[in-house]
Amino acid sequence: MCNCTLTPHVYWAQRHGEIYLRVELSDAQNLNIRVQENTLCFKGQGHGAKGENEYEFSLDFLKPVKVTHRSTQRQVNITVKKRERGWWDRLAAQERKPLFLAPDFDRWLDESDAEMELREKEEKLNKILFESRIPKDPYLGLKKGYLFMYNLVQFLGFSWIFVNMTVRLFILGQDSFYDTFHTIADVMYFCQILAVIEVVNPALRLVRTGVLPPLIQVFGRNFLLFIILGAQEDMQNKPVVFFIFYLWSTIEIFRYPFYMLACIDTEWKLLTWLRYSLWIPLYPLGVIAEAVAVIQSIPIFDETKVLSLPLPRALGTSLSFSYILQLYLAVMFLGLFINFRHLYKMRKRRFRAKKKKAN
């Protein structure tokens with residue numbers, strides 16, 4: 001044991017593998033810190049509780065340890081390694097706590113919190129080890145470049161649609177509703193044909209999303225654009241076309257730049273929020289507008305017999321395409337449920353990961 005004259009204030013906290021001691025002794029000099037058996041002996045000169053003096057203390061640990069230390073201008077930090085990992089009920093061998101010793105509340109954790117901290121560290125280490133074992137993709141840069149250019153082209157296309165429709169709405173007012181298709185259709189055709197790539201990408205594992213959600217969206221939009229609107233001139237002058245195109249483009253001018261930035265490992269918080277939140281009102285509104293267009297087209301297909309299936313004379317003249325459209329209405333709302341659920345899970349997972357990263 002050391003014969004201590006003046007004792008500094010010592011604060012402690014523990015983890016399963018270490019004890020942390022913080023000795024309140026600034027501008028410490030002539031430090032002598034050693035362990036004899038299970039006893040830590042400390043001696044040093046500096047500015048402590050009793051001013052500029054020489055301070056000493058000894059501490060008998062509950063179990064065997066080994067010690068390292070580091071001094072700063074304000075204090076001396078001592079790390080005590082436990083020879084056997086485990087949680088100690090107390091620090092000192094004697095049941096009565098030394099008077100100079102107090103908990104370090106800045107670093108204090110109870111046993112359950114320490115276990116959680118340990119698990120998080122192990123998870124991070126395992127993740128790093130796992131990622132280091134995965135061979136690097138030699139074509140990763142090429143893939144990211146391809147995805148960046150695809151999203152850029154789609155962003156420019158839908159931005160043109162959105163700006164064009166907005167300007168025409170301000171200039172022409174409601175009159176712009178009736179010639180939307182003739183003004184916008186060519187660019188919309190291009191964008192929606194190109195969107196087939198969004199089904200191919202997950203199939204080739206270029207992106208991590210599933211195939212079904214983009215398949216539902218791309219098929220639904222192209223069916224409406226090429227079959228219902230493209231095949232019937234009477235549908236092309238309907239005001240509902242304006243709302244369909246406007247809702248589609250509003251969603252996409254935030255979705256595609258989000259994916260563009262993801263390709264270069266960049267994130268804008270506002271854009272992220274818009275990408276994962278704006279679809280909540282707009283996506284159902286878009287499906288409702290599409291359903292209105294389908295309902296309006298049913299009597300037109302009945303009258304024109306376009307795309308009707310010829311039948312034998314014994315069964316009748318033809319099977320109207322309107323029956324397929326009625327079935328499609330039911331499938332459309334089933335697709336809304338599937339895609340809405342998928343997008344909601346993506347949003348929840350995204351913001352949970354951001355919250356965990358922030359903490």
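Modeller: Helices (H or I, at least four residues) and strands (E, at least two) are DSSP runs, numbered from the N terminus. This is a predicted model, in which local features need pLDDT of at least 70, side-chain atom pairs count only at pLDDT 80 or more, and totals for chains, interfaces and linings use all residues. Residues are numbered from 1 along each chain as its sequence is written, and side-chain values use heavy atoms, with hydrogens and water left out.

Colleague: How many helices and strands are there in the chain?

Modeller: Both kinds of DSSP run are present. The counts are ten helices and ten strands.

Colleague: Which helix gives the most to the largest nonpolar core?

Modeller: A nonpolar core is a set of buried (under 20% relative accessible area, 1.4 Å probe, protein chains only) Ala, Val, Leu, Ile, Met, Phe, Trp, Tyr and Cys residues joined through side-chain atoms within 4.5 Å. The largest has 52 residues, and I244 and F245 are among those with the most contacts inside it. Elements giving two or more residues to this core include helix 5 (212-229) and helix 7 (240-263). With twelve residues, the largest contribution is that of helix 7.

Colleague: Why is helix 7 largely enclosed by the rest of the structure?

Modeller: Helix 7 has 24 residues. It is largely enclosed because the number of them that are buried is 19.

Colleague: Where is the kink in helix 7 centred?

Modeller: The bend at a residue is the angle between axes fitted to the seven residues ending there and the seven starting there. In helix 7 there is a kink of about 30°, and its centre is E252.

Key: Buried < 20%, exposed > 50% of the residue type's maximum accessible area, 1.4 Å probe, protein only.
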